[in-house]
Amino acid sequence: MGRRIPGLNEANRVSADDVPDGLFLVRVERAQYRWHAHKPYYFAGFAVLEPKPLAGRSIAGRIYCTPKAMWKLTWFLRDFGYDTELLGKDEIDDKALVGLRGVVKISHAFVHGISVNLEGFAPASQWEELSAGIGSEIKASKVAS
């Protein structure tokens, strides 16, 4: 027997508190290493700084630390301005990550619930160049209202 449940489809959409796919200037708010037997990772929590209509919202994602994914962790650390001396010693200090700023490109994937993919990174100094035209898209979006 099938049932019609009004509003069920709306619950599957991105809520007003979520951040849409795209580029964002962010600051690291939290970072914590999480051990997993097959896929250890860093949990990273970011606060959105730009674009302004989305400032203050949060993004959380994983940056894996497997040998195959080490390039992405290094990319993140380099572009967010992590201490090169510590990086040269193969050391990551969770506390030293907090406060770092940079650009992150995200997308959402629906695998076992919702997940945020951290697709790419860039230094904060490149935000103006990378964000050209984003402001008008965000203003027109339902998410910004």
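**Reading the largest pocket**

In this predicted model, the lining of the largest pocket divides by class into 6 nonpolar, 4 charged and 3 polar residues.

Me: How does one find empty space in a structure to begin with?
Reply: Rolling a probe the size of a water molecule over the atoms shows where empty space is left. In this chain, the largest pocket found has a volume of about 320 Å³.

Me: How many residues line the largest pocket, and which lie nearest its centre?
Reply: The lining has 13 residues. Those nearest the centre are Arg62, Tyr64, Val116, Asn117 and Leu118.

Me: Which strands each supply at least two residues of that lining?
Reply: Strand 3, residues 58-64, and strand 5, residues 114-123, each do so. Strand 5 gives the largest share, with 5 residues.

Me: Where do these strands sit in the order of elements along the sequence?
Reply: The chain has 6 helices and 5 strands, and their order is α-β-β-β-α-α-α-β-β-α-α.

Me: What share of contacts joins residues 24 or more positions apart?
Reply: Among contacts with a separation of 6 or more, such pairs account for 52%.

Me: What can be said of burial and of the exposed surface, for the chain as a whole?
Reply: Burial is counted residue by residue, with buried meaning under 20% relative accessible area. On that count, 35% of the 145 residues are buried. The chain exposes about 9,400 Å², and carbon and sulfur atoms supply 52% of that area.

Technical notes
Residues numbered from 1 in each chain as written. Predicted model: local features only at pLDDT ≥ 70, side-chain atom pairs only at ≥ 80, totals over all residues. Heavy atoms only, no water. Helix = DSSP H or I, 4+ residues; strand = E, 2+ residues; numbered from the N terminus. Buried < 20%, exposed > 50% of the residue type's maximum accessible area, 1.4 Å probe, protein only. Contact = heavy atoms within 4.5 Å. Areas by Shrake-Rupley, 256 points an atom, 1.4 Å probe, with all protein chains shown as cover. 1 Å grid on protein atoms, 1.4 Å probe; cavity = no way out; pocket = protein on both sides within 12 Å on 5 of 7 lines; lining within 4 Å. Points joined across faces, edges and corners; volume = space filled by probe spheres on them. Nonpolar A, V, L, I, M, F, W, Y, C, P; charged D, E, K, R; others polar.
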